[in-house]
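Student: Please take me through this structure slowly, and explain each term as it comes up.

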Amino acid sequence: MNAATPDIDDFTRPWWDAAAEGRLLIRRCGTCGRAHHYPREFCPHCWSEDTAWERASGRATLYTWSVVHRNDLPPFDARTPYTAAVVDLAEGPRMMTEIVECAEADLRIGMELEVAFREEGGGVAAPVFRPARQISGRLSPPATGTAAR
């Protein structure tokens, strides 16, 4: 067990199971209709407990980032430098994550991103984001079930 190993409980298990299958889930409120992330059993906007899992598109835009050059906790120490980021999911919520497959010089606020999944070991996969692929001026569907390297 290391710092990248999540504490999975009965409530968050669907989220982690979906991530292991290459799908990103969010919660949506049945009362106010707003989506939220991180997963919780109530809506942080209206406090309703009428929330449900929903598959997210996997699309996001970069809100902010910081390049981490030193981290002493395994496995992060072996990943430095890496880009810690906050992204705006297409469905509305903000999410903390990591940007992969993108040089620091190419990062831009508002850049279009797509989800990828990195194996963390023990059947756990973590969502990370990479620059969205463009095909003929349109975004291609996000890759699913792929592991970031």
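Tutor: Before we set strands side by side, note that two strands pair if DSSP finds at least two bridges between them. Helices (H or I, at least four residues) and strands (E, at least two) are DSSP runs, numbered from the N terminus. This is a predicted model, in which local features need pLDDT of at least 70 and side-chain atom pairs count only at pLDDT 80 or more, while totals for chains, interfaces and linings use all residues. Residues are numbered from 1 along each chain as its sequence is written, and side-chain values use heavy atoms, with hydrogens and water left out.

Student: How many helices and strands does the secondary structure of the protein come to?

Tutor: Reading from the N terminus on, we meet the elements in the order α-β-β-β-β-β-β-β-β-β-β. The secondary structure therefore needs no more than a count along that line, and it comes to one helix and 10 strands.

Student: How many bridges join β4 to strand β5?

Tutor: Strands of a sheet pair through backbone hydrogen bonds, either parallel or antiparallel. Strand β4 (residues 59–68) pairs with β7 in the antiparallel sense over three bridges, and T61 has E112 in β7 as its bridge partner. With β5 (residues 82–89), A60 stands opposite L89. This pairing of β4 and β5 also runs antiparallel, and the number of bridges is eight.

Student: What is the order of the three strands in the open sheet?

Tutor: A good starting point is strand β1 (residues 25–29), which two bridges join to β2 in an antiparallel arrangement. Within that pair, R27 has H36 in β2 as its bridge partner. The open sheet of three strands, with antiparallel pairing, has the order β2-β1-β3.

Student: Why is one side of each of β2 and β3 left without a neighbour in the sheet?

Tutor: The order of the open sheet is β2-β1-β3. One side of each of β2 and β3 is left without a neighbour because these strands stand at the edges, each with a single partner strand.

Student: What percentage of the residues of the protein count as buried?

Tutor: A residue is called buried under 20% relative accessible area, exposed over 50%, and partly exposed in between (1.4 Å probe, protein chains only). Of the 149 residues of the protein, the buried share is 43%.

Student: Are E98 and R118, which meet in a salt bridge, buried or exposed?

Tutor: A salt bridge here is a side-chain nitrogen of Lys or Arg within 4 Å of a carboxyl oxygen of Asp or Glu, and the side chains of E98 and R118 meet in one at 2.7 Å, N to O. The pair links distant parts of the chain, with E98 in strand β6 (residues 94–99) and R118 in strand β7 (residues 112–121), 20 residues apart. E98 has a relative accessible area of 12%, and R118 is also at 12%. Because both values lie under 20%, E98 and R118 count as buried.

Student: Which residue forms a salt bridge with E120?

Tutor: E120 is buried, and so is its partner. The closest N and O atoms are 3.0 Å apart, and the partner is R118.

Student: Are D72 and R70, which form a salt bridge, buried or exposed?

Tutor: In this pair the closest N and O atoms are 3.5 Å apart. D72 has a relative accessible area of 59% and R70 one of 68%. Since both values are over 50%, D72 and R70 are exposed.

Student: Where does W47 lie?

Tutor: Most residues other than glycine have a negative phi, and most peptide bonds are trans. W47 has a positive phi of about 70° although it is not a glycine, and at 61% relative accessibility it counts as exposed. W47 lies in the loop between β2 and β3.

Student: What is omega of the cis peptide bond that joins H37 and Y38?

Tutor: Y38 is found in the loop between β2 (35–36) and β3 (51–55). The peptide bond from P74 to P75 is also cis, with omega near 0°, and P75 has its place in the loop between β4 and β5. For the bond that joins H37 and Y38, omega is about 20°.
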